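This report looks at one protein model, beginning with burial and moving on to overall form, the strands and the helix. Please keep the sequence and the coordinates at hand while reading.

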Amino acid sequence: MVVSASEGGKTRLQVIPHGYLIEVEAKVRRYQELRRVRARLGEIYRKMLKVIDQMETMRREELASSDKRRSGGD
C-alpha cells in the first residue's frame, strides 16, 4: 500500500510495509472521519454566529423602539 501526504506544500508518497497495513488503514479512516467532523463543526459554528447576529439585531431594534416610546415618539 502507498499513501500520500502533504508535507510543506509538497505531496509525498510513502510505501507502507505489510505488517503495518491494518494499523495505517485504521489511522487513515480515523483521520478522514476527523476531517469530516471538523468540517461539520465549522458549518455549525457559522450557523450559530448567524443566529447570534440575528438575535443581537432584534435586541437592538427592540431597545430602539422602547426608547422612542419612552421619549414620546419621533
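## Burial and surface

Of the 74 residues in the protein, 4% are buried, where buried stands for a relative accessible area under 20%, exposed for over 50% and partly exposed for anything in between, with a 1.4 Å probe and protein chains only. The accessible surface of the protein amounts to about 7100 Å², and carbon and sulfur atoms hold 56% of that area; such areas are obtained by the Shrake-Rupley method with a 1.4 Å probe, and for residues only the protein chains shown count as cover.

## Basis and confidence

The model is predicted, so that local features need pLDDT of at least 70 and side-chain atom pairs count only at pLDDT 80 or more, while totals for chains, interfaces and linings use all residues. Residues are numbered from 1 along each chain as its sequence is written, and side-chain values use heavy atoms, with hydrogens and water left out.

The mean pLDDT of the protein is 89, with 95% of its residues at 70 or more; pLDDT is the predictor's confidence in each residue, on a scale from 0 to 100. Confidence is lowest in E1, with a mean of 87, and highest in E2, at 93. Where pLDDT is low, predicted coordinates should not be read in detail.

## Overall form

The protein has 1 helix and 2 strands, and the order from the N terminus is β-β-α; here helices (H or I, at least four residues) and strands (E, at least two) are DSSP runs, numbered from the N terminus. The radius of gyration is 26 Å, whereas a compact globule of 74 residues would have a value near 11 Å, given that the radius is taken over C-alpha atoms and the globule rule is 2.2 Å times the number of residues to the power 0.38. Along the principal axes, the C-alpha atoms fill a box of roughly 80 × 25 × 10 Å.

The protein carries 17 positive and 11 negative charges, whose mean positions lie 5 Å apart. Lys and Arg count as positive and Asp and Glu as negative, with His and the chain ends not counted, and each charge is placed at NZ of Lys, CZ of Arg, CG of Asp or CD of Glu.

## The two strands

Strand E1 (residues 2-7) pairs with strand E2 (residues 10-15) in the antiparallel sense over 6 bridges, pairing being accepted if DSSP finds at least two bridges between two strands. Within this arrangement Val2 stands opposite Val15 in E2, and the bridge partner of Val3 in E2 is Gln14. The hairpin has 2 residues between the strands, and Gly8 there takes a positive phi near 60°.

Strand E1 is hardly covered, the count of buried residues among its 6 residues being 0. E2 lies largely in the open because the number buried among its 6 residues is likewise 0.

## The helix

Helix H1 spans residues 21-71 and includes Glu23, which is partly exposed at a relative accessible area of 40%. Glu23 and Arg36 are 13 residues apart along the chain, and their C-alpha atoms are separated by 20 Å.

Arg35 also has its place in helix H1 and is partly exposed, with a relative accessible area of 46%; from C-alpha to C-alpha, Arg35 is 18 Å from Thr11, at 24 residues apart in sequence. Asp53 is likewise found in helix H1 and counts as partly exposed at 46% relative accessibility, while Asp53 and Leu13, 40 residues apart in sequence, are 45 Å apart in space between their C-alpha atoms.
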